[in-house]
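Here is a friendly tour of a protein model, taking in a pair of packed helices and the empty spaces between the atoms. Have the structure open as you read.

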Amino acid sequence: MSSFPAATLAAPAPISDPSIDDASSAFDRLAWRNRFAALPTAFGTRLAPVPLPSPYTVAISDASAALLGLDPAELAAPAALAVLAGNHVPRGAEPMAAVYSGHQFGVWAGQLGDGRAHLLGGVETRDGLVELQLKGAGATPYSRMGDGRAVLRSSIREYLCSEAMHGLGIPTTRALSIAGSDQPVIRESVETAAVVLRMAPSFVRFGSFEHWSSRNRHDELKILADYVIDAFYPEARGEANPYQALLAAVTARTARLMAQWQAVGFCHGVMNTDNMSILGLTLDYGPFGFLDGFDANHICNHTDQQGRYAYSRQPAVARWNCYCLAEALMPLIEEVDQAEAALEPFKAIFGDAMDAALHAKLGLAEPLPGDQALIDALFALLQETRTDFTLFFRRLGELDAAQATRPGQQVRDLFVARERFDAWAVDYRARLTQETRGADARRVAMRAVNPTYVLRNHLAEEAIVRARQQDYSAIERLARALRNPYDERPEFADYADLPPEWAGTLEVSCSS
């Protein structure tokens with residue numbers, strides 16, 4: 001547990017840089033509406049980011065800039081860079097660090113909070129209010145003896161994966177930029193500092209509710225729940241028990257998110273309750289990874305020695321986290337049976353979403369008896385052979401019901417024991433003959449759900465290595481491919497190859 005008491009909002013201390021003309025910053029012209037900062041003083045500490053020495057631009061997302069109505073070229077200007085680095089607070093922003101608590105690796109950790117993040121505030125966009133947060137912008141009262149900084153390595157990974165998940169159609173926080181600095185930061189080795197500006201409608205977490213419930217601060221718990229309902233779940237307000245309805249809605253979103261993760265082979269790596277979004281977004285990219293060779297028991301987080309957050313366990317952990325949220329909301333829900341009723345659909349919602357996703361990945365328009373046996377046999381085969389998850393499903397679309405017409409050699413070549421695949425393919429081809437739509441339509445549909453490009457660890461590592469040499473072009477090139485992961489483009493053919501042997505030696509941990 002942190003040694004810091006529950007913090008209160010102090011007077012703002014904006015950074016002033018006499019070399020910056022406020023009117024020249026693109027961020028000063030945004031329509032700020034700081035909804036979270038309007039909550040009572042107990043919800044965080046108001047403080048400015050810590051300036052980043054001699055910042056420089058590492059990456060800017062054109063797509064995220066467009067969401068804010070900003071010109072990417074303007075964001076490279078010194079005045080905008082000062083905001084992206086945390087060296088200048090734009091007019092209208094009210095920077096603060098939020099307090100929350102949570103369970104980490106299944107153990108109650110007590111008070112946590114934004115230990116290296118500063119919420120600048122909310123901005124009106126065409127898609128509604130979006131909050132802007134600087135990650136790595138210096139220590140806060142919740143840093144728990146940390147330095148409050150992020151390193152270039154982890155910042156590149158978060159920037160790329162935020163945009164990659166958005167490209168895949170998976171709910172996620174977004175990333176606008178990376179600002180770098182030569183300031184040394186000590187992790188396992190000496191690295192350099194960086195700040196990511198990330199965006200989301202809200203950064204409220206399951207742990208935000210656990211914080212107040214664990215302290216028997218039911219007034220604040222109700223204020224937070226009412227805030228979330230009114231801002232994001234207004235339909236719950238009309239229900240007999242709005243807080244039960246809130247829990248049910250969050251549970252449903254979380255269950256569907258898990259199906260989306262599993263369907264693309266995404267491993268989060270640190271699914272603590274303080275890393276679970278109340279909006280069902282993918283939040284806090286640390287030791288994540290996408291499956292290369294399929295292994296249901298894959299552990300992407302080197303710190304996770306017990307395998308709590310292994311790929312196959314993610315849905316069960318998410319459900320456990322929803323129970324933690326339910327426990328936190330009990331002072332408002334009051335009736336245990338109502339909380340259980342809100343939680344009970346998780347398995348069915350996840351199961352239905354996962355079943356639909358797998359049928360789509362296999363090109364099966366409608367479920368038929370016997371499909372589950374076919375799917376189970378496939379995953380047993382993938383598990384035994386450790387076949388590449390992404391490439392298998394992408395190439396499977398080239399297989400046709402008539403072997404002589406389209407043998408599907410590319411997908412077959414992914415298997416060392418090709419006869420094992422051939423045996424399964426006999427049943428798969430037989431199933432395809434029961435499809436009512438034509439082969440061409442099926443292939444188009446399969447390409448729309450089976451990506452060619454995912455952010456494999458070795459691709460991120462290659463971009464990181466070049467960035468450490470002050471070559472940031474690989475970040476932008478990889479980001480361009482990941483923004484449209486279902487479209488095959490010849491210029492990105494190297495991103496669709498099998499991973500090199502050295503990729504298996506890469507490790508990511510909670511410092512990532």
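## Packed helices and empty spaces

Helices α8 and α10 cross in a right-handed manner. Please keep in mind as you look that this is a predicted model. Two packed helices are described by the angle between their axes and by the distance between those axes. Here, α8 spans residues 314-333 and α10 spans residues 346-361; the angle between them is about 145°, and their axes lie 11 Å apart.

Which residues of α8 and α10 make the contact? On the α8 side they are P315, A318, R319 and C322, and α10 brings F346, K347 and F350. Sorted by class, this contact has 5 nonpolar and 2 charged residues, with no polar ones.

Now for the empty spaces. Rolling a probe the size of a water molecule over the atoms shows where such space is left. Across the whole structure, a search turns up 5 cavities of 30 Å³ or more. The largest cavity has a volume of about 130 Å³. Its lining consists of 16 residues, and F36, A98, F203, V204 and S208 are the closest to the centre of the cavity. Two elements, β7 (128-135) and α5 (206-214), each give at least two residues to the lining of the largest cavity.

The pockets are worth a visit too. In the largest pocket there is about 840 Å³ of space. If you would like to find this pocket on screen, look for Q104, R116, R144, D274 and C510, which lie nearest its centre among the 33 lining residues.

The second largest pocket has a volume of about 470 Å³. Nearest the centre of this second largest pocket are D292, H298, A503, G504 and L506, out of 20 residues in its lining. Where does the lining of the second largest pocket draw at least two residues from one element? Both β12 (289-290) and α16 (457-468) supply that many.

How do the linings divide by class? The table sets them out for the cavity and the two pockets.

| Space | Volume | Lining residues by class |
|---|---|---|
| Largest cavity | about 130 Å³ | 10 nonpolar, 3 polar, 3 charged |
| Largest pocket | about 840 Å³ | 10 nonpolar, 12 polar, 11 charged |
| Second largest pocket | about 470 Å³ | 9 nonpolar, 7 polar, 4 charged |

Methods. Residues are numbered from 1 along each chain as its sequence is written. This is a predicted model: local features need pLDDT of at least 70, side-chain atom pairs count only at pLDDT 80 or more; totals for chains, interfaces and linings use all residues. Side-chain values use heavy atoms; hydrogens and water are left out. Axes are lines fitted to C-alpha atoms, for helices over the stretch in contact, and angles run from 0 to 180 degrees between N-to-C directions. Helices (H or I, at least four residues) and strands (E, at least two) are DSSP runs, numbered from the N terminus. A crossing is left-handed if the near helix is turned anticlockwise from the far one by less than a right angle, and right-handed if clockwise. Contact means heavy atoms within 4.5 Å. Ala, Val, Leu, Ile, Met, Phe, Trp, Tyr, Cys and Pro count as nonpolar, Asp, Glu, Lys and Arg as charged, and the others, Gly among them, as polar. On a 1 Å grid over the protein atoms alone, a cavity is a set of points where a 1.4 Å probe fits but cannot get out, and a pocket is an open set with protein on both sides within 12 Å along at least five of seven lines; lining residues have an atom within 4 Å of a point. Grid points are joined across faces, edges and corners, and a volume is the space filled by probe spheres set on the points.
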